[in-house]
Amino acid sequence: MEKSELAEVAVNRIERVFGEYPLYRRAHARGVIYKAKFTANGNAEGLTIAPHLQRGETEAFVRFSHSSPNPEWTDVMSPVKGMAVQFKLPNGKATNIVGVNAPIFFARTPAAFTEMLGVVNSFKDGKPPLRELAELLIRYPESRAAIKILKKMHAPVSFATGIYYSMHAFYFLDQEGKRTPIKYEWMPDAGIETLDAKDLAEIPAGYYEQEIEERVKAGTANFKLAIVLGEADDPTDDPTVEWPRERRRILVGRLKIEGIAEQADGMKFDPTEMPEGILCSEDPILHFRKDAYSISHARRIAEKNKAADAD
């Protein structure tokens, strides 16, 4: 099956498992987009010629989101939160860093991801039935590490108090074309803070969106960007494997979130849109996202146009 056909099947299965919600993204359905400014400190200049990582400022947009494809899930049913950042480049193009507050993914290949969606029939109360979960673990043992992390995960107190990981690896290219494998981490200025189980029942729907708005207005919803330097044995093609925690990290800049971005919901945060100086790794899930995101985006735009015509 062609990659684009497989992506179509995957998006269709997401809609079958989680439900169809016109005008929403097919993953991370509910979220909010802000304007921001990224200030690079120059620490990445010896590793990459990417323009937004040279010393100076770059305009950006940030989307915070809940991971569920179902926008009706409560905030706490979806402990995985997302942070997607789009940098506006000097040539008029854009590049994106898409992160979540989990360091690894649960599928190694697009085929495995799509097959998993075929095994699961529903996500009632935010998780699959126990029998289906057991079948996934038997069929796809590489998913155990991610599922173990998810089972222990506590949602952050705020969108602004989680670490967001790129999960996928990329390559920085310097002036001579030397490649350095890296991953990204967004580190919150507010520190890392998670919810206790006893707090969950008190979290109302829409809490995260209201809470982050208060922090943005107060100027306290900001992040530092770190790059994690990969070494020879660190896989760049498998998002189910976490690199060792002792890998060297370099702070390369700071993101200041400035205010709500009006009429920005049509934006697409494609993690494969790379500028000069950065390459996508060999990770097949990373490349699969391009097609899946494009299908989701095309469906949303068609639904929006249909709704406008009906008015």
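This briefing covers one strand residue, the nonpolar cores, a helix pair and a loop glycine. The model is predicted. Serine 65 is buried in it, and glycine 46 is exposed. The largest nonpolar core has 45 residues, and a second, separate core has 27. Helices α2 and α6 pack at an angle of about 65 degrees.

**Serine 65**
- Serine 65 sits in strand β2, which covers residues 56–66.
- Its relative accessible area is 3%, so serine 65 counts as buried, the cut-off being under 20%.
- A polar contact of 2.7 Å joins the side chain of serine 65 to the side chain of histidine 28.
- Leaving out residues up to four places away in sequence, serine 65 touches His28, Arg30, Gly31, Val80, Lys81, Gly82 and Phe159.

**Nonpolar cores**
- Within the 45-residue core, the residues with the most contacts are Phe64, Trp186, Leu255 and Ile257.
- Strand β1 (residues 31–40) gives the most to this core, contributing five residues.
- The second core is separate, and its 27 residues include Leu6, Ile14, Val100 and Ile285.
- In soluble globular proteins, nonpolar side chains tend to be buried together.
- Not counting neighbours within four places in sequence, phenylalanine 64 has contacts that include Val32, Tyr34, Met83, Tyr164, Ile212, Phe223 and Ile257.
- Arg30, Gly31, Gly82 and Phe159 are also in contact with phenylalanine 64, and these four residues are among those that serine 65 touches.

**Helices α2 and α6**
- Helix α2 spans residues 110–119 and helix α6 spans residues 284–310, with their axes 9 Å apart.
- Their angle is about 65 degrees, and α2 and α6 are therefore roughly perpendicular to each other, a class that runs from 65 to 115 degrees.
- On the α2 side the contact involves Pro110, Phe113 and Thr114, which meet Pro284, Ile285 and Phe288 of α6.
- By class, this contact has five nonpolar residues, one polar residue and no charged residues.
- Ile285 of α6 is also listed in the second nonpolar core.
- Helix α2 is mostly covered, with seven of its 10 residues buried.
- The buried residues of α2 are Pro110, Ala112, Phe113, Thr114, Met116, Leu117 and Val119.

**Glycine 46**
- Glycine 46 is located in the loop between β1 and β2.
- With a relative accessible area of 60%, glycine 46 is exposed, because the cut-off for that class is over 50%.
- Glycine 46 and phenylalanine 172 are separated by 126 residues in sequence, while their C-alpha atoms are 9.7 Å apart in space.

Terms used. Residues numbered from 1 in each chain as written. Predicted model: local features only at pLDDT ≥ 70, side-chain atom pairs only at ≥ 80, totals over all residues. Heavy atoms only, no water. Helix = DSSP H or I, 4+ residues; strand = E, 2+ residues; numbered from the N terminus. Buried < 20%, exposed > 50% of the residue type's maximum accessible area, 1.4 Å probe, protein only. Polar contact = N/O pair within 3.5 Å; in protein donor to acceptor, adjacent residues only side chain to side chain. Contact = heavy atoms within 4.5 Å. Core = buried A, V, L, I, M, F, W, Y, C linked by side-chain atoms within 4.5 Å. Axes fitted to C-alpha atoms, helices over the stretch in contact; angles between N-to-C directions. Parallel < 35°, antiparallel > 145°, perpendicular 65-115°, else oblique. Nonpolar A, V, L, I, M, F, W, Y, C, P; charged D, E, K, R; others polar.
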